[in-house]
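Work through these short exercises with the model open. Try each task before you read its solution.

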Amino acid sequence: MDNIFYSQGKLKEYADAFRRLTDMYGGSKAGALHLQLKETAAMLERISGGVQTDGLIDGKRKDELLAYFKNEGICVGGILVLEAAPGRVELVLRLSKKRGCVTAGQLASDIGAVIGRRLRAADGSRRVLTRDEGEFILEEATDYRILFGHAECSRGFARISGDNYSCISVEGGKSIVTLADGMGCGSRANEYSMRFIELLEQFLDAGFSEEASIQLLNDAFADNDASGVPVTLDMCSIDEYEGNACFRKMGAVPSFIKGAGGVQIVETSSLPAGVISGNGMNYSSVKLGDGGYIIMMSDGVLDALPFYDKEKRMKEIIDGIEERMPQAIAERILNEVYYYDEKVADDMTVLVTGVWKIRNGERYV
């Protein structure tokens, strides 16, 4: 059995090497290089340590899993067991089937029953098990699901907006919603905010943490004299296992949480990204209730409200919205703002993410 489960020896050696390099550059001015080495070492350590998670899949379960493969005529090229999030299992499998075919969804259901976990096929997994060996990634099913909606309008109804956004899923049962506003308007602001979003997605997809990804990009933009067009950053990381949200902001306006108890304002920020290298960043964690909504927006939305306490007025607008679908909520907020600023003096973007607890495999909206 042991020879089927990948050996972690080489990965540990690589992790130790990157950790030593991290220590070597710890006292130098190469902050970005130090951070890259540190994150790479951490990722390798996570992977190399994953196969020792006997608390996730013990020896008996592994024997039963191998027996299942044998009985089903499934050839196993390798098995890697990871801890994608605390206490949550992820399996990376190299499989082929002698006869017939099986969908990844059915495979996840069968293997989950064997090891006593609710599994699902990850986004990067092969979708059908056939005679050709392929890689299947099975992760533990999350307890929450999200729906995303957005509404936007550029300054003066122009074709190009300085705002850009993304909503992606990453390993560990997380969804990350990000809004970047290139300060100013037009193509130049759009270029910098789009570049920031694209690079941020690449770092996150590669396995870098949210904080490290933001710090690397901030330093890169600042060191390369990109500070001519600073970018405000609003990021919300949603843990779909626990139903928590973590906000990280750089120069961004407040966000809002709407739930059964009313509307909560989330304020935490620092200088925009790309202004100075080593720019500090604050964060705030919020527990989301079942059926809660996360509302994020660019500064043009709040600035359009002709009130002394703009956050208070926006809170009242959100509290009065009866729509339940995130897309409808985003459109309603933008329509309410149009009432005060029909000419659209600045780029406006509203992002709404709804979070619901799954019951009996269904999403309740």
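**Exercise 1. Survey the surface and the fold.**
Find how much area the protein exposes and what supplies it.

Solution. The protein exposes about 17,400 Å² (Shrake-Rupley method, 1.4 Å probe). Carbon and sulfur atoms supply 47% of that area. Next, take the 365 residues: 49% are buried (under 20% relative accessible area, 1.4 Å probe, protein chains only). Then count elements: nine helices and 17 strands (DSSP runs of at least four residues, H or I, and at least two, E, numbered from the N terminus).

This is a predicted model, where local features need pLDDT of at least 70, side-chain atom pairs count only at pLDDT 80 or more, and totals for chains, interfaces and linings use all residues. Residues are numbered from 1 along each chain as its sequence is written, and side-chain values use heavy atoms, leaving out hydrogens and water.

**Exercise 2. Place Asp-234.**
Is Asp-234 buried or exposed?

Solution. Start with its place: strand E10, residues 231-239. Asp-234 has 1% relative accessibility, so it counts as buried. Now look at its side chain. It makes a polar contact (a donor and acceptor pair of N or O atoms within 3.5 Å; for residues adjacent in sequence, both must be side-chain atoms) with the side chain of Lys-249, at 2.7 Å.

**Exercise 3. Read helix H8.**
Which residues of helix H8 (residues 310-319) are buried?

Solution. Met-314, Ile-317 and Ile-318 are buried. They fall within an arc of 95 degrees (directions from the helix axis to the C-beta atoms), so they line one face of H8. Finally, find the cover: it includes strands E12, E13 and E15, and helices H7 and H9.

Technical notes. Buried means under 20% relative accessible area, exposed over 50%, partly exposed in between (1.4 Å probe, protein chains only). Contact means heavy atoms within 4.5 Å.
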